[in-house]
Amino acid sequence: MNILAVGDIVGIRAIEYLKKVLWTQRETYKIDFVVANAENASDIYGLSPNDAQTVLDCGVDLMTMGNHTFDKRSLYTYLDDNPDKIIRPVNYPSGSPGYGSSVVRVNGFRLLCINVQGTAFMTPLNDPFESVETVLEAEDGNYDLALLDIHAEATSEKYAIARYFDGRINMIFGTHTHVQTADEKILEKGSAYITDIGMTGPVNGILGTDSHAVITRMKNHMPSRFSVADGEIEMRGVIFSLDEYNNFKINYIRRIYV
Ligand SMILES: [Fe+2]
Ligand SMILES: [Fe+2]
């Protein structure tokens with residue numbers, strides 16, 4: 001079984017690009033399921049229901065989110081209504097719109113997908129360790145394999161969460177930094193891990209954002225509205241290959257970019 005995780009989609013042009021390349025990637029690598037982080041798809045600030053539908057039409061099966069989940073008010077009911085298509089970090093306060101995990105079918109198997117947000121250098125949400133643990137306990141017996149998107153800033157926090165759940169969650173990957181790391185590996189107890197899968201967006205800005213706006217904010221300390229950078233787009237992500245005849249043992253984790 002092959003599962004592709006696609007890095008943070010930044011902007012409408014990135015969605016258009018995904019529409020051009022994703023089905024070919026699915027075919028080339030015999031991908032059975034695509035999970036993509038969509039928190040920046042509607043021009044950095046969140047995701048609109050219309051853009052969510054377009055992302056799904058590109059060949060994405062499930063969208064994960066992050067600190068931009070609630071930027072667009074129009075998404076709130078969409079989150080509630082489509083738990084099999086979109087999840088948001090599980091450690092937002094109870095009562096927040098949407099769901100932090102979902103069990104979906106892939107080739108007849110039950111795949112538990114969990115999204116969690118880091119708390120280092122980010123909003124102090126609920127404890128990510130406890131929040132994921134609670135999902136695993138609640139879903140015990142209801143899934144055959146699992147994946148976790150850790151949406152976080154700090155490499156150390158991502159590693160700590162990954163090591164803590166090593167052997168219990170088959171695929172663990174980071175999002176949010178928009179920069180793909182080169183540390184993909186299989187951990188001691190068998191989980192496949194990478195600190196960040198990267199970005200699907202413009203390569204020439206600053207993490208997908210127009211350079212001028214970012215430099216203005218950092219250098220002059222004046223407010224400036226971020227917009228998506230112009231220029232070339234690329235898609236980055238990782239492929240997880242698992243042996244469904246051997247307890248979903250990881251065959252490999254491989255970085256890709258198109
Ligand atoms: Fe983020
Ligand atoms: Fe992002």
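Two strands are taken to pair if DSSP finds at least two bridges between them. In this predicted model, that criterion is met by strand β2 (residues 8-9) and strand β11 (residues 199-202), which run parallel and are joined by two bridges. D8 has M199 as its bridge partner in β11, and the partner of I9 in β11 is T200.

On its other flank, β11 meets a further strand: β11 and β12 (residues 233-234) pair in the antiparallel sense, again over two bridges. Here G201 stands opposite E234 of β12. The outcome is an open sheet of three strands in the order β2-β11-β12, with mixed pairing. Its edge strands are β2 and β12, each of which pairs on one side only.

These strands belong to a protein chain with six helices and 14 strands. The radius of gyration of the chain is 17 Å, close to the 18 Å that the globule rule gives for 258 residues, so the chain is as compact as a globular protein of that length. Taken along the principal axes, the box filled by its C-alpha atoms is roughly 55 × 40 × 35 Å. Of the 258 residues, 47% are buried. Among contacts with a separation of 6 or more, 64% are between residues 24 or more positions apart.

Confidence in the prediction can be stated for the chain and for its elements. The mean pLDDT of the protein chain is 97, and 100% of the residues score at least 70. Among the elements, the highest mean pLDDT (99) is that of strand β8 (residues 171-175), and the lowest (94) is that of α6.

A second open sheet contains six strands in the order β5-β6-β7-β8-β10-β9, and its pairing is likewise described as mixed. At the edges stand β5 (101-106) and β9 (185-186), each with a single partner strand, so one side of each is left without a neighbour in the sheet. Within this sheet, strand β6 (residues 109-117) and strand β7 (residues 145-151) pair in the parallel sense over seven bridges. N115 stands opposite D149 in β7. Helix α4 (residues 128-138) lies across β5, β6 and β7, and runs at about 160° to β6.

The nonpolar interior can be followed from the same region. In soluble globular proteins, nonpolar side chains tend to be buried together. The largest nonpolar core of this model has 66 residues, and I9, V55 and L148 are those with the most contacts inside it. Leaving aside residues up to four places away in sequence, L148 touches I114, V116, V132, F165, I169 and I172. I9, as noted above, is bridged to T200 in β11.

The exterior is illustrated by two helices. Helix α6 (residues 211-220) is hardly covered, since the count of buried residues among its ten residues is zero. Helix α3 (residues 75-81) includes D80, which counts as exposed because it has 12 C-beta neighbours inside 10 Å. The C-alpha atoms of D80 and S96 are separated by 9.5 Å, the two residues being 16 residues apart along the chain. D80 also touches P97 and G98, not counting residues up to four places away in sequence.

Several backbone conformations deserve attention. Most residues other than glycine have a negative phi, and most peptide bonds are trans. I44 has a positive phi near 80° although it is a residue other than glycine. Its place is in the loop between β3 (33-37) and α2 (49-57). I44 counts as buried because it has 22 C-beta neighbours inside 10 Å.

F248 is not a glycine either, and has a positive phi of about 60°. This residue lies in the loop between β13 (236-243) and β14 (249-257). F248 has 19 other C-beta atoms within 10 Å and is therefore partly exposed; the threshold for a buried residue is 20 or more. A further positive phi, of about 55°, is taken by H221 just after α6.

Methods. Residues numbered from 1 in each chain as written. Chains lettered and ligands numbered in written order. Core = buried A, V, L, I, M, F, W, Y, C linked by C-beta atoms within 7 Å. Contact = placed C-beta atoms within 7 Å. Helix = DSSP H or I, 4+ residues; strand = E, 2+ residues; numbered from the N terminus. Rg over C-alpha atoms; globule rule 2.2 N^0.38 Å. pLDDT = per-residue confidence, 0-100. Axes fitted to C-alpha atoms, helices over the stretch in contact; angles between N-to-C directions.
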